[in-house]
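Student: I should like to test each label in this model against its definition. May we take the terms one at a time?

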2 protein chains.
Amino acid sequence: MSENKYNFRRPYYAVIFTSKRTSVENKSYREMANLMLDIASKQKGFLGIESARDEICITVSYWQNLEAIKAWKNHAKHLIAQINGKLKWYEYYKVRIAKVEHEYEFHNS
Amino acid sequence: MSENKYNFRRPYYAVIFTSKRTSVENKSYREMANLMLDIASKQKGFLGIESARDEICITVSYWQNLEAIKAWKNHAKHLIAQINGKLKWYEYYKVRIAKVEHEYEFHNS
């Protein structure tokens, strides 16, 4: 995590994606996830993304506005990934779209 | 992750805590983290919490309103944990407080 990379000018939005994976299709899942990351990062209004995988996976992506989030949700290749996600990869997921109102940080220097 | 546990009535807030740990003090860190989880979950306005640890750690807690978030930030035991966190446990952290505007979910049934 590069700290400066994750300082965005407000207003901006966080998309909190929490998911629980099925046990199947790990290789194709990783390929899809990497491809989506690559495409998402080139979309207009994309700011950054952070992810941690454990028993659950939490991915938070950051976007300039709701229009950019909607455009990415409806991107053709993302739609295909969403269908495969429901068919194969996810037991459960939840998406929350939230407007960042306050923020602060700490650096051990 | 129990799905129904994570459906909250809007308006509500997400506190996105992304962090990078130091390599020291793992046992005392875990004790503190468990204690904070226990105390936080008893606070007024607390709704839920989800966490995933990987190269970075992402913890998202959910709260009824900004007052509840502020009260927890200033809770005496949490203040002590924050000081120790800065002294020992964290290389970096960032806190974002965001109002959830939209949400949707998927269950593989």
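**Labels and their cut-offs**

Tutor: Let us begin with Glu31(A) and Lys27(A), which stand about one helical turn from each other because they are four residues apart in helix H1 (residues 26-40) of chain A. A helix here is a DSSP run of H or I with at least four residues, a strand is a run of E with at least two, and both are numbered from the N terminus. The model is predicted, and local features need pLDDT of at least 70, side-chain atom pairs count only at pLDDT 80 or more, and totals for chains, interfaces and linings use all residues; side-chain values use heavy atoms, with hydrogens and water left out. Residues are numbered from 1 along each chain as its sequence is written, while chains are lettered from A and ligands numbered from 1 in the order of writing.

Student: What makes Glu31(A) and Lys27(A) a salt bridge?

Tutor: The term requires a side-chain nitrogen of Lys or Arg within 4 Å of a carboxyl oxygen of Asp or Glu. The closest N and O atoms of Glu31(A) and Lys27(A) are 2.9 Å apart, and the pair therefore meets the rule.

Student: Why is Lys27(A) called exposed, and why is Glu31(A) called partly exposed?

Tutor: Buried means under 20% relative accessible area, exposed means over 50%, and partly exposed lies in between (1.4 Å probe, protein chains only). Lys27(A) has 58% and is therefore exposed. Glu31(A) has 46% and therefore counts as partly exposed. Asn26(B), found in helix H1 (residues 26-40) of chain B, also receives the label partly exposed because its value is 43%. The C-alpha atoms of Asn26(B) and Lys88(B) are 9.9 Å apart, although these positions lie 62 residues apart along the chain.

Student: What makes the pair Arg96(B) and Glu50(A) a link that joins two chains?

Tutor: The side chains of Arg96(B) and Glu50(A) form a salt bridge at 3.7 Å, N to O. Arg96(B) belongs to strand S4 of chain B and Glu50(A) to strand S2 of chain A, so the pair joins two chains. Both ends are buried: Arg96(B) has a relative accessible area of 0%, and Glu50(A) has 3%.

Student: How do you know that Lys94(B) and Glu103(A) meet in a salt bridge?

Tutor: Their N to O distance is 3.5 Å, which satisfies the rule. This pair also crosses between chains, from Lys94(B) in strand S4 of chain B to Glu103(A) in strand S4 of chain A. Lys94(B) counts as buried because its relative accessibility is 3%, and Glu103(A) counts as buried because its relative accessibility is 19%.

Student: Which residues are linked with Lys94(B) and Arg96(B) in a network of salt bridges?

Tutor: The network links those two to Arg10(A), Glu50(A), Glu103(A) and Glu105(A). Across the interface of chain A and chain B there are eight salt bridges, and the count over all chains is 14.

Student: Which elements of chain A supply at least two residues each to the side that touches chain B?

Tutor: They are strand S1 (13-21), strand S2 (46-53), strand S3 (57-63), helix H2 (66-73) and strand S4 (90-107). S4(A) gives the largest share, 18 residues. The contact, meaning heavy atoms within 4.5 Å, takes 44 residues from chain A and 44 residues from chain B.

Student: How do you know that S4(A) and S4(B) pair?

Tutor: Two strands pair if DSSP finds at least two bridges between them. S4(A) and strand S4 (residues 90-107) of chain B have 15 bridges, in the antiparallel sense, and they therefore qualify. Within this pairing, Arg96(A) has Glu103(B) as its bridge partner, and the side chains of Arg96(A) and Glu103(B) also meet in a salt bridge at 3.8 Å, N to O.

Student: Why is strand S1 of chain B described as largely enclosed by the rest of the structure?

Tutor: Eight of the nine residues of S1(B) (residues 13-21) are buried, so the description follows. S1(B) runs antiparallel to strand S3 (residues 57-63) of chain B, joined by seven bridges, with Tyr13(B) opposite Trp63(B). S1(B) also pairs with S4(B) in the antiparallel sense over nine bridges, where Ala14(B) stands opposite Ala98(B).
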